[in-house]
Amino acid sequence: MSDRLKIAMPKGRIYKQASKLFREAGLPIPDDLDDSRKLIIEIPEAGMDFIMAKPVDVPTYVEYGAADVGVVGKDVLMEENRDVYELLDLGIARCRMSLIGLPERKPGHTVRVATKYPNVASQYFRENGQQVEVIKLNGSIELAPLIGLADHIVDMVETGQTIRENGLVEIKTIFQITSRLIANRVSYRMKSEQIEALCKQLQHVIPGQELSGNQA
Amino acid sequence: MSKPKVFEKPSGMKDYLPGAVSRLRSIESRVLACMEKWGYRQIMTPTLEYYDTVGVTSATSDKKLFKLLDNRGTTLVMRSDMTAPIARVIASLLKDEPLPIRLAYHASVFRAIEEEAGRDAEFFQTGVELVGDPSPDADAEVIALAVASLQAAGITHFKLAMGHQGLLNGLLQELLQDRPADQEQLKERLLARDYVGYRRLIRSMDVPADIQAKLEGILELRGGKEVCSKMSEYTADEHTRASIHELCEIWEALSAYGVQEHAMIDLTMIGNFSYYTGMIFEAYSAELGFPVASGGRYDNLLQQFGRPAPATGFALKTTRILDILGTGETAETKRVLVAYVPEQRREAYQLAAGLRGRDGYAVETRCVSSIEAGQDPEQTAEGKLAYMGKIYDEIILLAGESDGGVRDE
């Protein structure tokens with residue numbers, strides 16, 4: 001382990017917002033990293049290395065200590081259920097996990113639910129005492145109810161535009177999603193000063209702190 | 001499920017090749033020697049135990065226990081740690097031995113359903129139990145011994161985080177007197193390391209602002225001596241104060257042992273609530289993403305076996321330490337090959353016997369004609385000897401005419 005803090009960053013949508021937040025917190029993160037194809041970006045002036053990971057892999061890197069801390073959506077955390085510290089709600093990449101379906105559809109005896117989040121979906125239905133068959137899909141989830149593969153879908157909703165355009169409706173919000181700062185069990189203690197300093201810096205610039213909803 | 005291929009093993013089970021075994025044995029012997037010097041005698045217990053005795057009392061969650069049935073249909077478990085078996089022995093076979101009792105062990109333990117493929121379902125732990133001493137000095141002893149054991153194992157750079165289960169319980173109890181459900185939920189959040197959820201839950205609770213601030217402040221109770229004084233401001237409750245005093249006493253004792261530099265206090269450091277009762281700690285190495293040792297006080301376990309007694313202890317995660325130290329063979333043994341022609345068999349065996357009598361020698365013998373008549377016809381005798389030169393530290397060739405030439409490699 002180097003002395004620099006290794007941060008697993010999610011590539012894509014969340015990265016832009018996360019790097020903006022880091023810059024607002026006064027960390028000298030260059031803003032032209034988005035288009036870079038480099039996987040490991042050294043930022044010695046901030047005492048950090050960014051590890052550019054696929055968002056769903058961020059908790060795995062952190063659990064195993066390949067990264068000290070990471071930025072990841074609550075949706076991934078709920079689905080992956082990794083043994084990591086969840087230190088801060090960064091208040092960015094705000095969206096929600098929802099149950100979605102066609103407006104007037106009567107499911108048959110077996111209710112089928114398509115989702116990218118099989119663990120989240122099964123847990124939700126179990127806790128509600130409903131028996132369903134969960135089908136794991138990897139993308140274009142909205143397709144499933146339209147072509148009769150599933151009765152409902154469980155998916156992340158940001159603006160709701162995609163589901164409206166496809167004639168679907170949000171039946172219920174399961175939980176609110178924002179990005180979180182997570183930490184490895186060992187790094188949290190071995191690099192406690194660096195991690196605490198990072199938390200303090202970020203805490204000052206987290207947007208909409210009072211708005212925190214009622215989520216798990 | 002298709003029939004497994006011949007080289008397959010059950011998920012999570014591992015072979016240990018000679019290099020790894022050599023390293024493992026060397027860690028094991030150094031650590032056990034260290035524990036013996038502190039007065040801890042070694043004990044061995046069976047791999048299989050009854051689910052109803054050791055299974056249900058262990059700190060391992062039920063779904064992670066490796067269960068099977070014996071020929072009468074009774075549920076058995078593969079031991080998931082050594083603490084519950086040792087408690088069983090102390091309450092039965094050793095029931096007449098006066099307390100305190102100090103025992104050490106090195107054993108493999110088993111866990112079912114580790115979700116990651118290849119994550120160990122069987123792994124080694126080396127640890128101690130100190131039964132019958134309720135004092136902070138006993139807790140400090142096991143922590144100091146954990147430090148000494150890690151050093152004996154060859155880990156140089158590590159840190160220890162120490163919390164106190166009873167103290168945390170007491171604080172929550174005092175701050176949220178009539179709200180046991182909230183207490184439980186907060187503990188669940190801490191146990192899940194979900195600080196975001198912890199803070200959010202506090203803010204959603206209908207309690208005065210100063211209580212909220214105190215509850216949130218628990219997350220900040222980390223550091224050294226200053227944490228002790230900070231905690232005293234937290235509570236008026238006599239019981240909680242006693243816990244704080246105990247934690248501070250342990251801290252002082254660690255200073256007396258000279259190991260305080262490795263340690264930090266961290267009240268968020270918690271474990272299984274139905275099991276641990278007092279001090280609780282984990283040790284971390286910079287080279288690994290998982291703890292290398294953990295332990296704590298468990299004063300309620302022994303009474304479940306009918307001999308109520310306070311107890312404290314720890315276990316090194318020996319398999320993980322092996323991951324840090326690598327699996328290269330330890331250089332302590334010199335590997336020697338005595339190669340000979342059939343006519344000099346007697347001399348060769350005598351020479352080998354003589355070398356085996358010395359410390360630190362591992363001696364193999366081999367008839368040279370069998371080297372020449374190897375299975376691979378394309379490989380020359382010279383080629384084979386050169387290859388063997390990489391394996392052995394020294395090759396002694398007894399080949400006829402002279403009294404035996406010596407080849408150093």
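**Close-up views of a predicted two-chain model**

**View 1. Gln350(B), a residue on helix 12 of chain B.** Gln350(B) counts as exposed because 12 other C-beta atoms lie within 10 Å, and a residue is called exposed if that number is 12 or fewer. In this predicted model, Gln350(B) has its place in helix 12 of chain B, the helix that covers residues 345-356. Along the chain, Gln350(B) and Pro10(B) are 340 residues apart, and in space a separation of 45 Å lies between their C-alpha atoms.

**View 2. The two domains of chain B.** The domain assignment of chain B gives domain 1, with residues 18-325, and domain 2, with residues 334-408. Between the C-alpha centres of domain 1 of chain B and domain 2 of chain B there is a distance of 52 Å.

**View 3. Helix 5 of chain B and the elements that cover its buried residues.** Helix 5 of chain B, residues 165-175, is largely enclosed by the rest of the structure, because 8 of its 11 residues are buried. The buried residues of this helix are Gln165(B), Gly166(B), Leu167(B), Leu168(B), Gly170(B), Leu171(B), Leu172(B) and Leu175(B). What covers them includes two strands of chain B, strand 7 (158-164) and strand 10 (279-285), together with helix 6 (180-191), helix 8 (209-217) and helix 10 (238-257) of chain B.

**View 4. The contact between chain A and chain B.** Where the two chains meet, 20 residues of chain A are in contact with 17 residues of chain B. On the side of chain A that touches chain B, the elements that give two or more residues are strand 5 (85-89) and helix 7 (187-190) of chain A. Strand 5 of chain A gives the most to this side, with 5 residues. Sorted by character, the residues on the side of chain A that touches chain B divide into 9 nonpolar, 5 polar and 6 charged.

**View 5. The two domains of chain A and the contact between them.** Chain A is divided into domain 1, which is made of the two stretches 5-94 and 178-211, and domain 2, which takes in residues 96-176. The centres of these two domains of chain A, taken over C-alpha atoms, are separated by 29 Å. To the contact between them, domain 1 of chain A gives 5 residues and domain 2 of chain A gives 6 residues. On the side of domain 1 of chain A that touches domain 2 of chain A, the residues divide into 1 nonpolar, 2 polar and 2 charged.

Conventions:
Residues are numbered from 1 along each chain as its sequence is written. Chains are lettered from A and ligands numbered from 1 in the order in which they are written. This is a predicted model: local features need pLDDT of at least 70, side-chain atom pairs count only at pLDDT 80 or more; totals for chains, interfaces and linings use all residues. Helices (H or I, at least four residues) and strands (E, at least two) are DSSP runs, numbered from the N terminus. A residue is buried if 20 or more other C-beta atoms lie within 10 Å of its own, exposed if 12 or fewer, and partly exposed in between; C-beta atoms are placed from the backbone. Two residues are in contact if their C-beta atoms, placed from the backbone, lie within 7 Å. Ala, Val, Leu, Ile, Met, Phe, Trp, Tyr, Cys and Pro count as nonpolar, Asp, Glu, Lys and Arg as charged, and the others, Gly among them, as polar. Domain bounds come from an automatic or database domain assignment.
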